[in-house]
Each structure stands twice: as structure tokens, then as C-alpha cells.
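Student: I'd like to learn how to read a few features off a model like this one. Can you walk me through them?

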Amino acid sequence: QVQLVESGGGLVQPGGSLRLSCAASGSIFRIKAMGWYRQAPGKQRELVATITDTGSTSYADSVKGRFTISRDNTKNTVHLQMNSLKPEDTAVYYCNARVVTINLVEYTDWGQGTQVTVSS
């Protein structure tokens with residue numbers, strides 16, 4: 001059993017910053033790619049950023065230059081530093097991880113989500 005727990009969401013004014021964190025725990029052998037997705041009301045869930053276990057990153061065009069994804073493989077954590085936030089960044093943000101368990105079962109796990117609201 002593996003759990004992903006997000007933290008760091010909240011209310012911020014336009015132009016402000018937030019840092020999201022996600023910690024994975026449980027029967028983990030290895031975590032391959034980790035990422036952040038978001039879902040705004042009435043919209044589909046969309047990819048925000050991903051990072052591989054070797055540190056290669058990719059970003060949605062809408063967040064390039066504003067968001068930075070990072071991870072600590074020793075702690076099985078992933079972070080999303082969000083700067084210059086805009087009202088359109090308002091969404092529930094979900095952590096995602098491609099997990100290999102100690103039984104060598106590989107699957108994709110999701111966190112419960114954390115709300116980010118950008119508003120004045």
C-alpha cells in the first residue's frame with residue numbers, strides 16, 4: 001500500500017507564490033516519474049508538470065517560466081513552486097506518481113488533491 005499526501009495549497013493574491021509538496025509513503029521499491037495535475041471547476045484534469053527519477057522535467061505551456069517542479073528521491077517527495085500566480089491557476093492540484101512496490105508491482109497513484117485559489 002502506497003499513499004501520496006499533498007500539502008501547501010491555499011488562497012493567494014494574483015502575482016503571489018505558493019509551494020506545493022507531496023510525500024509518498026508505504027511499500028515503495030522505486031518511484032519513477034512524479035508529477036502535478038490540476039482540475040478547475042467544469043474542466044478536465046490537465047497536466048501541469050512532471051519530473052523523472054533522473055530529474056528531467058516537462059511543463060504545460062501555460063505554466064512555463066512561472067512554475068518549477070523538483071523532487072527529493074531520498075525522501076520520496078515532489079514539490080511544485082508556483083510563482084506569478086494568475087486567477088486561471090485556480091484549481092485542485094493533484095500529485096501523481098508512477099510507483100513500483102516492494103512486490104515489484106508497478107502502477108500509477110494519485111494524491112487526494114489540494115485546493116489552490118488565486119483571487120484578490
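Student: Let's start with Arg-38: is Arg-38 buried or exposed?

Tutor: Buried means under 20% relative accessible area. Keep in mind that this is a predicted model. Arg-38 comes out at 5% relative accessibility, so Arg-38 counts as buried.

Student: Which side chain does Arg-38 meet in a salt bridge?

Tutor: For a salt bridge, look for a side-chain nitrogen of Lys or Arg within 4 Å of a carboxyl oxygen of Asp or Glu. Here Arg-38 meets Asp-89, with N to O at 2.9 Å. Arg-38 sits in strand β4 and Asp-89 in the loop between β8 and β9, so this pair ties together parts that are 51 residues apart in sequence.

Student: And Asp-89, is that buried or exposed?

Tutor: Asp-89 has a relative accessible area of 1%, so Asp-89 is buried. Asp-89 also forms a salt bridge with Arg-66, where the closest N and O atoms are 2.7 Å apart. That pair links distant parts of the chain as well: Arg-66 is in the loop between β6 (57-59) and β7, 23 residues from Asp-89. Asp-89 and Arg-66 are both buried.

Student: How many salt bridges are there by this rule?

Tutor: The count comes to seven. Another one of them joins Glu-106 and Arg-98, with the closest N and O atoms 3.1 Å apart. Glu-106 has 36% relative accessibility, so Glu-106 counts as partly exposed. Arg-98, at 31%, counts as partly exposed too.

Student: Which residues are joined into one network by salt bridges that share partners?

Tutor: That network holds Arg-38, Glu-46, Arg-66 and Asp-89.

Student: Back to β4, then. Which strands pair with β4?

Tutor: To call two strands paired, you want at least two bridges between them. Strand β4 covers residues 28-39. β4 pairs with strand β9 (residues 91-101) in the antiparallel sense, over nine bridges. One place to check is Ile-28, whose bridge partner in β9 is Thr-101. β4 also pairs with strand β5 (residues 46-51), again antiparallel, over five bridges. There, Trp-36 has Ala-49 in β5 as its bridge partner.

Student: How many residues lie between β4 and β5 in their hairpin?

Tutor: Six, and in that turn Gly-42 has a positive phi of about 75°.

Student: Which residues other than glycine have a positive phi?

Tutor: Most residues other than glycine have a negative phi, so a positive value is worth a second look. Among them here is Asn-76, with phi near 55°. Asn-76 is placed in the loop between β7 (67-72) and β8 (77-82). With a relative accessible area of 22%, Asn-76 is partly exposed. Ser-84 is another case, with phi near 50°. Ser-84 lies in the loop between β8 and β9, and at 40% relative accessibility Ser-84 counts as partly exposed.

Student: One last feature: which residues make the nonpolar surface patch?

Tutor: A patch takes residues with over 30% relative accessible area and no salt bridge, and nonpolar side chains are joined within 5 Å. Phe-29, Ile-102 and Leu-104 make a patch of about 360 Å². Phe-29 is found in strand β4. At 56% relative accessibility, Phe-29 counts as exposed. So along β4 you can contrast Phe-29, which is exposed, with Arg-38, which is buried.

Note on methods:
Residues are numbered from 1 along each chain as its sequence is written. This is a predicted model: local features need pLDDT of at least 70, side-chain atom pairs count only at pLDDT 80 or more; totals for chains, interfaces and linings use all residues. Side-chain values use heavy atoms; hydrogens and water are left out. Patches are made of residues with over 30% relative accessible area and no salt bridge: like charges are joined within 9 Å, nonpolar side chains (Val, Leu, Ile, Met, Phe, Trp, Tyr) within 5 Å. Accessible areas come from the Shrake-Rupley method with a 1.4 Å probe; for residues, only the protein chains shown count as cover. Helices (H or I, at least four residues) and strands (E, at least two) are DSSP runs, numbered from the N terminus. Buried means under 20% relative accessible area, exposed over 50%, partly exposed in between (1.4 Å probe, protein chains only).
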